[in-house]
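Student: I'm new to this structure and would like a close look at just one part. Could you pick a helix and walk me through its surroundings?

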Amino acid sequence: MSDQCRHTTKIAVFGDELNTVFKDAKEFGGSIFRQLDDSYAYLSLCNRTAAAFKGLERVERADYPEGALREALLNALVHRDYSYSGSIIINVNDSCMEFISIGGLLPRLMPDDIRSGISQPRNRKLAEIFHRLKLIESYGTDIRKIYAFYKDCAVQPRIEVTPNTFKLVLPNMNANGETAETVLAATKAAPVTITPQIKTVLDYLAEYGEMTDEELQELLNVKKTRAYLIARQMNEIGLIDITGRGAGKKYKLK
């Protein structure tokens with residue numbers, strides 16, 4: 001957990017589904033908390049948005065549910081085998097994201113056990129720290145959450161395990177040729193989760209009416225990238241409006 005952590009997270013973006021044509025690559029180091037923030041910010045940039053129309057209504061949906069990206073990244077960081085020096089590998093192409101962490105399943109566990117919610121933490125103390133920081137809720141829920149985000153999707157996430165690796169594959173929801181009606185139904189049915197940070201922002205806006213980027217960062221004690229992601233999420237689920245740009249950007253209640 002120190003800044004001198006020897007392990008890293010590598011993210012590669014490919015131009016083909018065989019992952020042979022490089023488009024971009026990043027390697028993130030430092031503490032695993034810094035790797036979590038930096039990797040999530042970069043994956044969010046890779047998470048494009050597609051639009052569909054039903055009549056005059058425009059419906060937008062990201063390639064990957066933000067919650068699924070978060071849970072997949074947390075799972076890789078918390079449950080990898082740190083006795084190996086190799087990096088966590090995340091491959092991104094037009095059809096999927098692959099999260100590959102070193103260390104297969106613990107003895108006697110099977111992929112079906114993981115999907116059903118069984119959990120045997122490899123790094124119990126690390127998992128307890130992430131739990132106390134409210135980054136994970138409880139053991140065994142992360143994989144079930146990911147499948148819940150895809151419950152209305154034609155292609156489901158999949159788990160691939162070897163003796164020494166654990167791979168979680170998230171399909172691109174906009175790469176499956178779904179109709180506008182399917183996208184619209186899934187969007188309207190998607191639940192809105194009010195996190196403690198979102199509630200803090202809503203309470204502030206209810207009292208003061210508006211806030212700037214700097215005020216948002218100070219209120220939540222987060223860096224600029226994290227503040228941007230929170231504000232974007234709140235805007236996408238219809239909680240706030242964003243007006244202006246740059247130094248003049250302001251956030252207001254919807």
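Tutor: Let's look at helix α4 and what lies around it. This is a predicted model, where local features need pLDDT of at least 70 and side-chain atom pairs count only at pLDDT 80 or more, while totals for chains, interfaces and linings use all residues. Residues are numbered from 1 along each chain as its sequence is written, and side-chain values use heavy atoms, with hydrogens and water left out.

Start with α4 itself, residues 124-132 (helices are DSSP runs of H or I, at least four residues, numbered from the N terminus). Its buried residues are Leu126, Ala127 and Phe130 (buried means under 20% relative accessible area, exposed over 50%, with a 1.4 Å probe and protein chains only). These three cover an arc of only 100 degrees around the axis, so they sit on the same side of α4 (the arc is that of the directions from the helix axis to the C-beta atoms). Over on the other side of α4, Lys125 and Arg132 are exposed.

And what covers the buried residues? The cover includes α1 and α2 (66-79). Take α1, residues 32-46: α1 and α4 pack at about 60 degrees, their axes 13 Å apart (axes are lines fitted to C-alpha atoms, for helices over the stretch in contact, and angles run from 0 to 180 degrees between N-to-C directions). Where they touch, Ile32, Phe33 and Leu36 in α1 meet Leu126, Ile129 and Phe130 in α4 (contact means heavy atoms within 4.5 Å).

Finally, just after α4, lysine 134 takes a positive phi of about 65 degrees.

How values were computed. Helices (H or I, at least four residues) and strands (E, at least two) are DSSP runs, numbered from the N terminus.
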